[in-house]
Amino acid sequence: ICFATYTVSFVAAIGQEWIPADITTNPFVLKGVAVAVAMFFIYINYRGASETGKIGAIMTLLQTAFLVVIGLAGIWVAIRDPSRLENFNDFMPKGYKSLMVTMGFTAVAFEGYEVIAQAGDETKNPRENIPKAMLYSVLIVTLTYVAVAFATMVSVPADAAYLVTAEGTLQPWEWIGSYGEMGFREAMLKLIPRGGNIWVTLAVIFASTSALNATIFSATRASYALGRDRMLPAAFEAISERRKTPYIALLATGLIVIVVATLLPTQDVVGSASIMFLFLFLLVNVCVIRIRLNMGDELEYGYVMPLFPLFPVLAIICQAVLAVHLVEMSVMAWVIAPIWIGIGVVIYYAYSKSRALPTEDEIQILEDDGVDADRDGYRIMVPVANPDNALDLVRTTYKLSSAYDCNIDLLHMVEVPDQVPLSDADKYMMEGKEGIVEAMLYLSPMFPVFTTIRYCRTVARGIISAVREKRINLLIMGWHGKRSGRFNLGSTLDPIIERSPSSVVILKNCGSQSFNRVLVPVSGGPNAAYALEIASVLVEKEVGKITVLSVERGSHSIDLTAFIKNAGDTLRCPVEMLESKTVEGPDVVEAILAESEHFDLVVLGCTREPLMSQVTQASIPDKIADRCEKAVVMVKAAGGVRSWIKRWF
């Protein structure tokens, strides 16, 4: 539409002797030209990605060259006539609210950065080149936009005679705005008197066609990907044998482009597109946060966002605010965009969700007899890897289950080698099934037991997903002291400790033994009280003893008497079974390890430092657990805002 408006106006200007004057306002002419240029670029896209890229590169370079010249012309005019800078007073005559409306209305102009990501399948070295392309283009385009906006504002002298009208003297910005979508052209005719008409027309033509070319390309690739994943009919995946392009997806995209350009007013098209891109980018920012939190340790990044999650959170807030303000520019946009998005939601739930092909990173439920997420009571989940592992967990699980009067979910995450297709996942779950059956023999006579077998390439993420879905209160894990790479407790346990919304109990060397003497080292950490509570469950009643230990270092000391008194309501054993002890030592780890020699079990509270901050140096509880030869239980308590965010966000 932009291309048609400026092209028709240019042709009318140079052929005014033989072209009717009303051609510039004739909707049939404007829509016809718009459809013609759309069909031309649909054909270019049909020719293939290489041709599309070459045409796009030519258009973009020419567009940038023309716009840079316009920006430089504005700077030159301002240097020669500094009075033009007075056009910026008052700098914001309509106030901040109008600025919000304008920012929302022009959001579609920043759509190109999302197009870059959609070209990932056809990009060389995408991990490196896509972040570079995004960052460089943001810098170049933003500077270009600012330069052109500056040139537009200084194009009109404040004392120009044509600013005086019957209603009074117009400000330069009011005069430009009075021409509507042709205001930019009128401003450029004043800025560049000789050849300004052809210059601005070429700039707009190249800008609009490069955007059209990129939009058709990206929308086609998105539709093709949805067809490939069966979220749209498989026909969208069809590739032309001759041109190697997804021609059905291109045809559908072209049809949408032509229908929208033909039937909707320009302002409503722009407003609707901007709202939909604001919604899209808002969801992208939500996904950035979720992926970084849930899968950050699984991915190999080409670029890591600094100050995470500051920028996505700020972006979400800004995009929501801009979308709300857009209603003042186009009420129809707030009708069209929600309907369009609603159609997408209906298609997803009615068609796509049940047909979508699983991807390598998805979690699949192979067997589940405990789908009821609304069952009452405290819930404990025990991931079981094999029969030997199951027996090690049973005795401790039995004690904890008895104390909390709960029901139990037994989970097995099937580990499938990377080179094996997902369809063969069921061939690798027999050992886990045996482990579940072994555990059920001991637990099901006393507690309601549910079982689930799932597949995920990453065991930790699969377990956390099951914890969220089944609203688990306590997760019991086994650990055999296997450290790996940059993980202190292992690639499974470290992410679970940090990300699980439930309480976590990790068992090392616990087996089926009884615990008469239990050591609980405390240093004022957030999980110390929960460590004491778990110790009170595991200690042998009547004959057992729990020692609460504090290691003094200089001025650092803890009032153990007050600590034990505050924990009284949560204890599952008589307070008489507790005693306190304080030792001195410059090295906390060595002091606790020395004390642990006299005990059957050591119960430690985990640190709450973020996983990434522990990469270079293990925490004190991690060091103790790694080196201690006695039975060790590490715990992390759920609760508060952090657990709520982990469970629901």
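Two strands count as paired if DSSP finds at least two bridges between them. Keep that in mind, everyone, as we go into the sheet. And one reminder before we do: this is a predicted model.

Let's start with strand S8, residues 503-508. On one side of the pairing list we have strand S7, residues 474-478, which runs parallel to S8 and shares five bridges with that strand. If you want a register point to click on, take isoleucine 476, whose bridge partner in S8 is valine 505. S8 also pairs with S13, this time in the antiparallel sense, again over five bridges. Here the residue to look for is valine 504, which stands opposite lysine 636 in S13.

So how covered is S8? Six of its six residues are buried. In a regular strand, side chains alternate between the two faces of the sheet. Looking at S8 with that in mind, Ser503, Val505 and Leu507 point one way, while Val504, Ile506 and Lys508 point the other way, and all are buried. Do notice Lys508 on that list, a buried lysine.

S13, residues 631-636, takes us to our next stop, since this strand is one of the elements that the buried residues of helix H22 pack against. The others are helix H16, at 459-469, and helix H17, at 493-499. Which residues of H22 are buried? In this helix, residues 640-648, they are Ser643, Lys646 and Arg647. They span an arc of only 95° around the axis, and therefore sit on the same side of H22. Turn to the other side and you find Val641, Trp644 and Trp648, which are exposed. I'd suggest colouring those two sets separately on your screen, with Trp644 and Trp648 in the exposed one.

Now let's move to a helix pair, H4 and H12. H4 covers residues 95-105 and H12 covers residues 310-325; their axes are 8 Å apart and the packing angle is about 100°. Angles of 65 to 115 degrees count as roughly perpendicular, so that is how H4 and H12 are placed relative to each other. From H4, the contact uses Lys97, Met100, Val101, Met103 and Gly104, and they meet Val321, Leu322 and His325 from H12. By type, the residues of this contact are five nonpolar, two polar and one charged.

Both helices also have a cis peptide bond in the loop before them, so to speak, and here are the details. The bond from asparagine 89 to aspartate 90 is cis, with omega near -5°. Aspartate 90 is in the loop between helix H3, residues 49-80, and H4. The bond from phenylalanine 308 to proline 309 is cis too, with omega near 0°, and proline 309 lies in the loop between helix H11, residues 266-295, and H12.

Last topic: backbone angles. Where do we find positive phi in a residue other than glycine? One case is asparagine 125, with phi near 50°, in the loop between helix H5 (112-118) and helix H6 (126-153). Another is aspartate 405, also with phi near 50°, in the loop between helix H14 (387-404) and strand S5 (406-414). Are they exposed or partly exposed? Asparagine 125 has a relative accessibility of 43%, so this residue counts as partly exposed. Aspartate 405, at 66%, is exposed.

That's my tour, and thanks for listening!

Note on methods
Residues numbered from 1 in each chain as written. Predicted model: local features only at pLDDT ≥ 70, side-chain atom pairs only at ≥ 80, totals over all residues. Heavy atoms only, no water. Axes fitted to C-alpha atoms, helices over the stretch in contact; angles between N-to-C directions. Helix = DSSP H or I, 4+ residues; strand = E, 2+ residues; numbered from the N terminus. Parallel < 35°, antiparallel > 145°, perpendicular 65-115°, else oblique. Contact = heavy atoms within 4.5 Å. Nonpolar A, V, L, I, M, F, W, Y, C, P; charged D, E, K, R; others polar. Buried < 20%, exposed > 50% of the residue type's maximum accessible area, 1.4 Å probe, protein only. Arc of directions from axis to C-beta.
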